[in-house]
Amino acid sequence: MVSDSPADYQPGQNLYCRIIAAEPGGYAVKLLPSMIDGFLPCQEMLPIDQEVPATFICMNNNRALLSFAYMLGTTARVQAGLTSAPETAFAVWADSHPFRLRLRRATDLLIPPFGNNAEENFAAGDSCLEKLIEDIEGKESTGCVKAFSEENLSRSAALIYKGRAVGCIYGQRHMSEPWPTETALELMLDDMRLPETKVLKYALPEEVILSMSSLFLGYPIERTDTLNASDYLSYILKWVKQRQQTACLIISEPSVPALCLSFIHKGNFFGAFHVEEQKFSPDMAFVQDFLQQAENPKVEASILPPEMISTSVRFGYALNVAASRP
């Protein structure tokens, strides 16, 4: 069937698009034959005017979000049947965009509670896990859950947005590579069934959670420029401001090592987190000080597509579904 309007496209539908112009993290495209505007995340160099196969995710503000067609796993979850188009849109994005957290760090990457947000300690085990999931989903909580298992020698942490997991880290001794979010979440929930596992839960601002979720369910910007760290930081801050993007900026000093995460929510700087010092600051000067003290700083960025927090997508993994998987 030829699609002539946005309403004709369905999540998971394969189509062709034409490359129009490069953007940070991908390309502006035109869907064919409708010529509807779209965005295709891509880390490869593609020639302008090339026609490439793509998979439709959803529409938002008259622009389509796409992924490359025929990516491994794109159709498996969709074929199993989902309850709504927003659920399907997230499943197609997550399955065709299995972005792994590239930072080999454990749960210290996730900011601890600050302000008036206190940690809550929970018992582990099957019945306690069910109650915790019911509480998180029922209240549509936004924050962080951490688990510490002496039996499996593991530490894990999940980012929670409105009751759903939008990022997860699972760290275990001798692990060489981090797991993707969905697998990490299932391993974490398995640990939380063990009676000796310690479980912590606390609230965090959605600005922090959504920004950090871009490290797990967003797309990275591969740099081809020759700007120094300070100039690139200024450039990317201006770009996300103009586009009102939600992103996480990773500022590192590899030789130390040291790491600073900057949280951008809808184009606005919300704050930064120095991982080694476990310190959060809402002041941009905090980031500038980190840059000045670093001998050879590096700046990277990951962006969360705005479609993920629109009505077109049910963003995140359902905890009760992940916990029920064998």
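Biologist: Why is tyrosine 9 called buried?

Modeller: In this predicted model, tyrosine 9 has a relative accessible area of 5%, and since buried means under 20%, tyrosine 9 counts as buried.

Biologist: What makes tyrosine 9 and phenylalanine 56 a stacked pair?

Modeller: Their ring centres lie 5.3 Å apart, with 25° between the planes; rings pair if their centres lie within 6.5 Å, and planes under 30 degrees apart count as stacked, so both conditions are met. Phenylalanine 56 is buried as well, with a relative accessible area of 2%. Tyrosine 9 lies in the segment before β1 and phenylalanine 56 in strand β4, so the pair ties together parts that are 47 residues apart in sequence.

Biologist: Why is the pair of tyrosine 232 and tyrosine 235 called tilted?

Modeller: The centres of these two rings are 5.9 Å apart and the planes stand at 45°, which is neither under 30 degrees, as stacked requires, nor over 60, as edge-to-face requires, so the pair is tilted. Both residues lie in helix α6, 3 residues apart, about one turn of the helix.

Biologist: What makes tyrosine 235 partly exposed?

Modeller: Tyrosine 235 has 37% relative accessibility, and because partly exposed covers the range between 20% and 50%, that is how tyrosine 235 is classed. Tyrosine 232, with a relative accessible area of 2%, is buried.

Biologist: How do you know that cysteine 260 is not bonded to cysteine 248?

Modeller: The sulfur of cysteine 260 is 9.2 Å from that of cysteine 248, the closest cysteine sulfur, whereas a disulfide needs two sulfur atoms within 2.5 Å, so the distance is too far for a bond. Cysteine 260 is also buried, at 0% relative accessibility, and its bridge partner in β14 is histidine 274. The structure holds 0 disulfides; cysteine 42, for instance, is in none, the nearest cysteine sulfur, that of cysteine 17, being 9.7 Å away.

Biologist: What makes β11 and β15 edge strands?

Modeller: The open sheet has 6 strands in the order β11-β16-β12-β13-β14-β15, with antiparallel pairing. β11 and β15 each have a single partner strand, so one side of each is left without a neighbour in the sheet.

Biologist: How do you know that the side chain of threonine 197 makes a polar contact with the backbone of aspartate 191?

Modeller: A polar atom of the threonine 197 side chain lies 2.6 Å from the backbone oxygen of aspartate 191, and the limit for a polar contact is 3.5 Å. Threonine 197 sits in the loop between α4 and β10 and, with a relative accessible area of 4%, is buried.

Note on methods. Residues numbered from 1 in each chain as written. Predicted model: local features only at pLDDT ≥ 70, side-chain atom pairs only at ≥ 80, totals over all residues. Heavy atoms only, no water. Helix = DSSP H or I, 4+ residues; strand = E, 2+ residues; numbered from the N terminus. Buried < 20%, exposed > 50% of the residue type's maximum accessible area, 1.4 Å probe, protein only. Polar contact = N/O pair within 3.5 Å; in protein donor to acceptor, adjacent residues only side chain to side chain. Pairing = 2+ DSSP bridges. Phe/Tyr/Trp six-rings, centres within 6.5 Å; stacked < 30°, edge-to-face > 60°.
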